[in-house]
Structure formats: structure tokens, C-alpha cells
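Please look through the structure shown here with its charged pairs in mind, then its nonpolar interior, and finally the overall form of the chain that carries them.

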Amino acid sequence: MATVMNVQRDKIHPHKFTLWVAIGSIIMMFAGLTSAYIVKRSQAGWVMVEIPLLFWISTATILLSSVSIHFAVQHFKKRNLETYKKLLYVTLALGMAFLVMQVLGFNMYRDMDIRLTGAGSNASYSFILAIAGLHGLHVLGGIIALAWVTFKASNQSRREYNTVPAEIIATYWHFVDVLWIYLILFFNWMR
Amino acid sequence: MSITTVSTGHESEVSTSAHGHHEGHHEHHHEESFISKYVFSQDHKMIAKQFLITGMIWAVIGGLFSVLFRLQLGYPEMSFPILEDLFGKWAAGGRISNEFYYALVTMHGTILVFFVLTAGLSGTFANFLIPLQIGARDMASPMLNMLSYWFFFLASIIMFASMFIQTGPASGGWTIYPPLSALGQASEGSKLGMDYWLVSMAMFIVSSLLGGLNYISTILNMRTKGMTMTRLPLTIWALFFTAVLGVLSFPVLLSGAILLLFDRNLGTSFYLSEIVVKGEILPNEGGSAILFQHLFWFLGHPEVYIILLPALGMVSEILSVNSRKPIFGYLAMVGSLFAIAILAFLVWAHHMFVTGLNPFLGAFFVLLTLLIAVPSAIKVFNWLTTLWRGNLRFTPAMLFAIGFVSLFISGGLTGIFLGNSTLDIHLHDTYFVVAHFHIVMGVASMFGMFAGVYHWYPKMYGRYMNNTLAYIHFWVSLVGAYLIFWPMHYQGLAGMPRRYTDFSNWESFKNFGEMNRFISTVAMIVFVVQLLFIFNFFYSIWKGRKVTSQNPWGANTLEWTAPIRPGHGNWPGEIPEVHRWAYDYGKDGRDFIAQTEPISDSESKH
């Protein structure tokens, strides 16, 4: 089948390129938020934030999911479709576990008698909710896209040879992983 | 089927381009339904028209709002019973209430800045021109492109709906500074209307980002054979930098807006600290209202250039085509666009000189702000030297382009006043600022947009707009723009503050009453003449003089090698190959040499 673009073979696929630009855009958003955090931190009324242990466990989880999606794409390229599918399920499960742990992490603050929102809340903690919450939304977006790819992979009636969607989602997944590691280290050092 | 068949190795996912050549393949047995052609279209040309017409509807609404509040400023003592009939309690007794005044000003700003001059301008021309001028069948992802329009549509609906809720639309100014915008109890406009505003803007930002991603990706990846970056028309360079600015700055506004939503609805204190409203002491502590201004203006300043750059690019192209001369200093033009795009991110605090910003820090922002004068001056001199001794053709587009240069100079010069923090502290809250940004950003970009519409109308609809109406439109708009905004400079220097609903109560500003009336009268005339343009636009779609030649302006760029009314996919056969830059006018005694013509041996070097 013909494609109408005069794309050279060695050139990056336009959709992959679009993703990289989008990643730049998301980085700007979190750069804005973390700069706001730094500015706020130097002002009066700042409190040292505590990071529940659960957030470190969720960090390990999302790291692991990055490994699984990496091998998923590798197996897809080698056409080991069964392994590919299994690894996608693993990634999906780990991603959802990450989100659940994030939500539980926010709830743990309540047990620590720290308010994230409402009267008596301190901006230091509200920032954690806002920033980590937005990150969670980005992970959720990744999960939806991943579910779609998994659905396509499980569809028996149509064989999938195109690796680009899976590669794009893998790149995005690695990105939200690295983004979270940046955020948790940032919260840890910039208390 | 003669389309170049270069396989990329990933076939099915390039559904975008598959769609693009669809029409070429099945020309005779392919019919688009009304819905897929006019509503959920993935053709960049149709999406451009959707952006343009939505933008025009918004422009009429936004313009009408300015007429209403100018009515109040020009005739503060008069009452207009018809206003009460139309707006009820907002204009009780036929006079515009204070709340209504602020709502009108806020909506005027929001609509014109975002919905007209961002979506309407770069949404229209980036969509229309990028694929046509770089030689592509469509955008990198027509699907995202369609979504970009529909997110804009959704944002439009929400913003429009906010005008009909009981407490009225947002009314804290288009910059929605907290704490006013964060506290519902502080004003009517900070109640539900503000939430509508924030949600609408979030949708708008999504739309801009989807569009911007696509523009960047398309320009960098989908150029036709031979179309190197240095052969791109300046329109494309300008739209490219516009998209980069948008992609990098809009997310920061989004983060600021999200924190504001938290403060409004979840009781957090990002921006709020130690506030008493109507005798009630609020529990919020430790927030910083200035933080919002930093986040806002980090977008807000690049936003100015998001509005301006597409106009700069289109004007460069139109001036060159209608002077029958190459653009003067092509690389300097690209370089100055680049410099403006970089500096745009480094000057945001010049909007905040009066917030108690450290004067030492302010000095750096003054320096960086004044540096923008350098690339701006380069552009102005290059336009003037392009015009110099050219064979000028005064088409309506050319007139608007020249008008743009005039406005850009006059508005730019007052920027040098305001860029100095010492002067800005005096002028900041006066009409001088209103005059400055309306001329250099508002009217100038409007002129760029008009120039673009008149110039590319034949390509959009295969017909011409009426010239007589266009000339009336131009002269009244140009003279009107100066008559409206020049007196405002004087008022501002004399200390007349902005954001006041009524100056007749103030001994010090009473004497400007006559001048305000004059400005208001001119504003109404100019508004009516814009309706003439709207009439001309829609009338010409069906009744305009038909375009009979493929290249009516004798231009070099690729869009004029496509059929008069190109289908989806733009070129019926192969995409033309490019052999030269876009500005070979009057070379070797020839009027123009299209980009598609190979360089012959006898040709002189540039």
C-alpha cells in the first residue's frame, strides 16, 4: 500500500515525534508546578512535608511496570505475541496498582492528622496532592491507551503487525515513570 | 494513481496519509457525507474554515461587548432603555451596572485574546497554510487536528454558556488574578462564572496543545521533496515558532489554573493568605497571590507573541508577493522570529513591576524586554526595504499588511516606554497600557488576520472578496484604530486610570469626558465597518467573482500550484517537488519563478 508522504526510512515516525513534543509540553507543566513549589517553599508558613512509605513502594511498582512494557515491545517485535500479551497484562496490573497505592498514600495523610485540602490545610501538602494527583491523571491516560493496545492484541480476528502504537505507548509509559521518580526525589529533597 | 509510493515500513498506522490519498485513488466513486465533509472533517482546509468562522462569530461578540462598555465610558450620564430590555438587571435603568461592566471587559479580553486571536488566527492559518505551503497532503495527524477544533468548540460552548448563568460570567479581568477570582463571596463574577471560565480555558488549552503538536510535527516531518527548512516561506517559520511557544507556555497556564481550581473548590491556600471578605475572616494562610501572576504571565507574555507571530509571517509573505520583490533579509527574518520566541519566555515579569517586585530583579527584566526592540526593528526595516522601490500592487491584503507595519511601529514604540520599570510604575494602571497593547497586539494582529483572509480567500473558496467593500473596510479600520487609541496614550500619560466604569465622578478625570465620547463614537463606527467585512466574507463565498487562474497573485509558494478548489489531499497527482526558496520575484527579468521550477544553468546566483 502506498503512503503519500515522502518519508525517508531513517526519519522518525511523525506520530512518535508528536509524542516527544507532547512530552516536552507535559514537562513544562510540571516544571511550572515544581517551580511554584520552590517559590512557595521560600515563603513564610512552609512546613516540612512527610512522604509516606507507600509512595516509595509505588515508585518501585511503576519502575517495574516500565521493565515489563519494555520487554513487551521487544517480544512484539520478535512476534512472540503470547508473551507480549502477558507482559501487557502485567504492565496494566502494575499501573493500576500504582494508582491505587497513590490514592491510599493520600489517605494515609489523614491518619497522620495532616489535611491536604480544606480549612487548616497547608499549601506544602496541598502541593503534593495537586502535583502527584496530576501525575496520577497522566498515568491514568497511559492506562487507558495501554488497555486499548491490549484489547487490540487480544483480538483474534485481526493480526497486528504495526509496532508504532505499542512503541509510542511504551515511550509515554517510561516518561510518566521517569516523571514520577523526578517528583518523588524532588519532594524528598525539597522538603 | 501516480502518488509517490515510498513505503515507510509502517503502513496501516499512517491512516492519516492513507486518508490523504484516498481521494486520489477513488476520485470517481468516493462521496463524502455532509457530516464528514463539513462537520467532523479531517481535511485541514475545512478545519481551518471552521476555526475561522467560529473565530469570526466570537469576534462579533467580543467586539459588541467593547461597544457596550464604550457606551458606558462615552456616555456615563445617559440611559439607554433598550439595554434594560436586552440585559435586564445587568443594565437596570438603562445603565450598565458595575458588575456588568467588569463582566463585559473580562469577556472582551478573554474572547479577543484567546478565542479570536489565538484560535481564530493561528488555528485558521496554521491549519490552512502549513500543509499547502510545505507540500503535504494533510497534517501529521488529521484526527488530532479535528479534535483540536472540537475541543475549541467545546471551550466556546462553555464560555458562551457562562454568559447566561444567574451570577454572570467571570468578571475579574482576563488575567483572573486571585484572590478576587478565587473567592466566590468577593464578587458575583467570581462565583459559578469563574468555574465555567476555568473549565472552558482548560478545554481551550487542550485544543491549543493538540493543534500545536500537530503543527510542529507536520512542519518538521512532512515537507515535500526539496523543501528544506531554509526554503520555507516565512509564514511557515512564524507558525512554527507560534506553535513552539504555545506548546511550551500553555501547560504552565494550565498548572496555574489547576491550583486556582483547588483554591476555589477544595479550600486549599496556594494563592490565599490572611483575607477578610465582608467582615468574615477566612481560614486560609500561607498562600501567595503573586505566585499566580508568575504562573499566569509565564504563559501570558508568550501568548502575546502567539498572537503576533502568525501576523508577522503572513505580512512578510504578502508584502513580498505584492511588491514583486524578494523579502529583504530572509535569514534575518527567521533569526528575529527565533530571537522573539526565546525572549518571549524571559520577560514575563515586566507585567509585574508594580507588584512589589524587587527593583534589582526588575532591572534584568527591563533589559531583556528592551532587547525585544532589536529583532522587532530588524523586522520593520526588512519590511520597509522589501517595499522600497517595489512594484506595489495595492490589493486589500497588501493594504492591510502595510497597515500592520504602521501599527506595529506605533505600538512597538510605546512598548519601549512601558518596558522601563521606572516609567511603567507611573503608567501601569493607566490608559497608556490599554492603548499600547491594543495597537501592537490587538489591532495589529487583527490587521494581519484580515490581510491573510483577503490574500488566501481565493484559495479557500475559489472566489474573490469584493474589493470596494474591502477598501472601505481597510481605510475606516486604519483611521479608526488610530483615532481610538492615540487619544488613549494622551489620557494615560495624563494619569487617567484604566478599569474605572465612570470618570464623571472624578474631578481630576472629568475633563476627559469629551475625549471619551469621541473614542466611543469612533469605536462604534469601526465596529459597524467590521460587519461590512463579515457581510463581504459570507456574500463572496456564494456570489464572489470566480477565480479563473490557478495563481491569481502570481505567487511562488506551493499552495498556488494546487487546483483552484483543491480536494482532500490537496494535489490530485504527485506532490510537487521544490527546487528553490519562495521569494524569487523579479529575478533575471522574470516577474516570478515558482518554487517548483528547477534552477536552470543560466540563472544568476542569489
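Counted over all chains of this predicted model, the structure contains 15 salt bridges. One of them pairs E188(B) with K191(B), whose closest N and O atoms are 3.1 Å apart. Both partners fall in the middle class of accessibility: E188(B) counts as partly exposed because its relative accessibility is 28%, and K191(B), with a relative accessible area of 30%, is partly exposed as well.

A second salt bridge brings together the side chains of D591(B) and R324(B), with 3.0 Å from N to O. Here the positions of the partners in the chain deserve attention, because D591(B) belongs to strand β4 (residues 590-592) of chain B, whereas R324(B) sits in the loop between α9 (289-323) and α10 (330-344) of chain B, so that the pair ties together parts that are 267 residues apart in sequence. The two ends of this bridge also fall into separate accessibility classes, since D591(B) has a relative accessible area of 44% and is partly exposed, while R324(B), with a relative accessible area of 8%, is buried.

A third salt bridge links R580(B) to E603(B), and its closest N and O atoms are 2.8 Å apart. Because R580(B) lies in the loop between α17 (513-543) and β3 (585-587) of chain B and E603(B) in the segment after β4 of chain B, this pair ties together parts that are 23 residues apart in sequence. Both R580(B) and E603(B) are buried, and salt bridges with shared partners join R580(B), D584(B), K587(B) and E603(B) into one network.

From the charged pairs we turn to the nonpolar interior. In soluble globular proteins, nonpolar side chains tend to be buried together. The largest nonpolar core of this model has 249 residues, and within this core W383(B), F404(B) and F537(B) touch the most other members. If neighbours within four places in sequence are left aside, the contacts of F404(B) include L308(B), A311(B), L312(B) and V315(B), and also W383(B), itself one of the three residues just named, together with A444(B), S445(B), F447(B) and G448(B). Apart from the largest core lies another core, of five residues, among them A349(B), F353(B), L357(B) and V366(B).

Helix α9 of chain B also holds H301(B), which counts as buried because its relative accessibility is 5%. The side chain of H301(B) is joined to that of Y305(B) by a polar contact of 3.5 Å. Not counting residues up to four places away in sequence, H301(B) touches A344(B), V347(B), W348(B), H350(B), H351(B) and I372(B).

Seen as a whole, chain B has 17 helices and four strands, and its C-alpha atoms fill a box of roughly 80 × 55 × 50 Å along the principal axes. For 606 residues a compact globule would have a radius of gyration near 25 Å, and the 25 Å of chain B therefore agrees with that expectation. Of these 606 residues, 62% count as buried. Among contacts in chain B between residues at least 6 apart in sequence, 78% join residues at least 24 apart.

Chain A, finally, calls for a word on confidence: its mean pLDDT is 89, and 95% of its residues reach 70 or more. Over residues 1-9 of chain A, however, the pLDDT is below 50, although this stretch has 27 contacts in the model beyond near neighbours in sequence.

Technical notes: Residues numbered from 1 in each chain as written. Chains lettered and ligands numbered in written order. Heavy atoms only, no water. Salt bridge = Lys/Arg side-chain N within 4 Å of Asp/Glu carboxyl O. Buried < 20%, exposed > 50% of the residue type's maximum accessible area, 1.4 Å probe, protein only. Helix = DSSP H or I, 4+ residues; strand = E, 2+ residues; numbered from the N terminus. pLDDT = per-residue confidence, 0-100. Contact = heavy atoms within 4.5 Å. Core = buried A, V, L, I, M, F, W, Y, C linked by side-chain atoms within 4.5 Å. Polar contact = N/O pair within 3.5 Å; in protein donor to acceptor, adjacent residues only side chain to side chain. Rg over C-alpha atoms; globule rule 2.2 N^0.38 Å.
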